[in-house]
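Got your viewer open and a cartoon representation ready? Let's walk through this model stop by stop, from the overall fold to a few selections worth making.

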Amino acid sequence: MKAGDLKYFFTYETEIPDGIGFGIFHPGHLIWLTLIVVVTLLLLSFYRKSNNRRKKGLEFGVAFSMVGWMAIRALYIAVIGEDFLYELPFHLCSMAGILCGFHCVFRWQWLGQVLYTLCLPGAVMALLFPDWSFYPAIHFISIEAFLFHMGIVVYVGFQLCSGGIVPRIRLVWQVILFLVIVVIPIYIFDRAYHVNYMFVNWPSAGSPLEWMADFMGNPGYLIGYGGLVMSFILLMNLGYSMIARLCNKK
């Protein structure tokens, strides 16, 4: 990133010049990923060593920091006068920030399954293939987006460590039902207003969805998208089951 790019720190995507983004897996992106891995591991280690009262505080702090980030981003959009149509919490990760808050308060089992099986891999994929890479690495949106998605990973990690979330493959139907209830109206909304929440109108640039669209077309890539989601649901549950068995044997 060039020093001059800092003048775009609060510039929204509609005014960002081409060619100043950090680029996927370029140095700026890799530095962010390294920092996120280190901070996440440190927080999980600190959480595991904490007493129950401190664990609760950490859970609430991380869960509601994401709600705070969403409020700050909404204020930012209001101040610069951009259209809220493109900033609604209809992406899976945006919903995850709110869902973490609900889970932190109510501890609904079905919601824990959704957070682990859908939101955790969704946040990881977003960090690996960010759709905000056209911004500079040091930009308000970049900072908010990286920290927000890290928050999802950290919160679900806390719950896995404490047993607040216990993935069960027999409850996969709850996750699929959640998807059906959420995706259908969002798809209708996307088509009506020509937006792309949950990437059901067109794939995110540089992501595996774009690779699918290259050979499956659009909307053909949605078939691959659905298969990818189902694969994640099954692999996340099977992976947890295998690790749990190994840990029990030891």
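Colour by secondary structure to begin: this predicted model contains eight helices and zero strands. Reading from the N terminus, the order is simply α-α-α-α-α-α-α-α. The radius of gyration is 19 Å, close to the 18 Å that the globule rule gives for 250 residues, so the protein is as compact as a globular protein of that length.

Now show just the C-alpha trace and turn it along its principal axes, where it spans about 55 × 40 × 30 Å. If you draw contacts with a separation of 6 or more, 72% of them link residues 24 or more positions apart. Switch on the surface next: about 13300 Å² is exposed, and carbon and sulfur atoms supply 69% of that area. Of the 250 residues, 44% count as buried.

**Stop one: the second largest pocket**

How big is the volume of the second largest pocket? It comes to about 270 Å³. To find the spot, select Val37, Thr40, Leu120, Val124 and Val153, which are the closest to the pocket's centre among its 13 lining residues. Then highlight α1 (27–49), α4 (109–128) and α5 (140–162), the elements that each give two or more residues to this lining. Which of them gives the largest share? That is α1, with six residues. Colour the lining by class and you will see eleven nonpolar residues, two polar ones and no charged ones.

**Stop two: Val62**

Keep Val153 on screen and add Val62, which sits in helix α2. These two valines are 91 residues apart in sequence, and their C-alpha atoms are 10.0 Å apart in space. Is Val62 buried or exposed? Its relative accessible area is 14%, which is under the 20% cut-off, so Val62 counts as buried. To see what lies against Val62, select Gly151, Val154, Tyr155 and Phe158: it touches these four, not counting residues up to four places away in sequence.

**Stop three: Glu87**

For the last selection, leave the helices and go to the loop between α2 (52–80) and α3 (92–106), where you will find Glu87. With a relative accessible area of 17%, again under 20%, Glu87 is buried. Which residues is Glu87 in contact with, leaving aside its neighbours within four places in sequence? Show Tyr12, Arg73, Ile77 and Tyr197 as sticks, and you have them.

Methods
Residues are numbered from 1 along each chain as its sequence is written. This is a predicted model: local features need pLDDT of at least 70, side-chain atom pairs count only at pLDDT 80 or more; totals for chains, interfaces and linings use all residues. Side-chain values use heavy atoms; hydrogens and water are left out. On a 1 Å grid over the protein atoms alone, a cavity is a set of points where a 1.4 Å probe fits but cannot get out, and a pocket is an open set with protein on both sides within 12 Å along at least five of seven lines; lining residues have an atom within 4 Å of a point. Grid points are joined across faces, edges and corners, and a volume is the space filled by probe spheres set on the points. Helices (H or I, at least four residues) and strands (E, at least two) are DSSP runs, numbered from the N terminus. Ala, Val, Leu, Ile, Met, Phe, Trp, Tyr, Cys and Pro count as nonpolar, Asp, Glu, Lys and Arg as charged, and the others, Gly among them, as polar. The radius of gyration is taken over C-alpha atoms; the globule rule is 2.2 Å times the number of residues to the power 0.38. Buried means under 20% relative accessible area, exposed over 50%, partly exposed in between (1.4 Å probe, protein chains only). Contact means heavy atoms within 4.5 Å. Accessible areas come from the Shrake-Rupley method with a 1.4 Å probe; for residues, only the protein chains shown count as cover.
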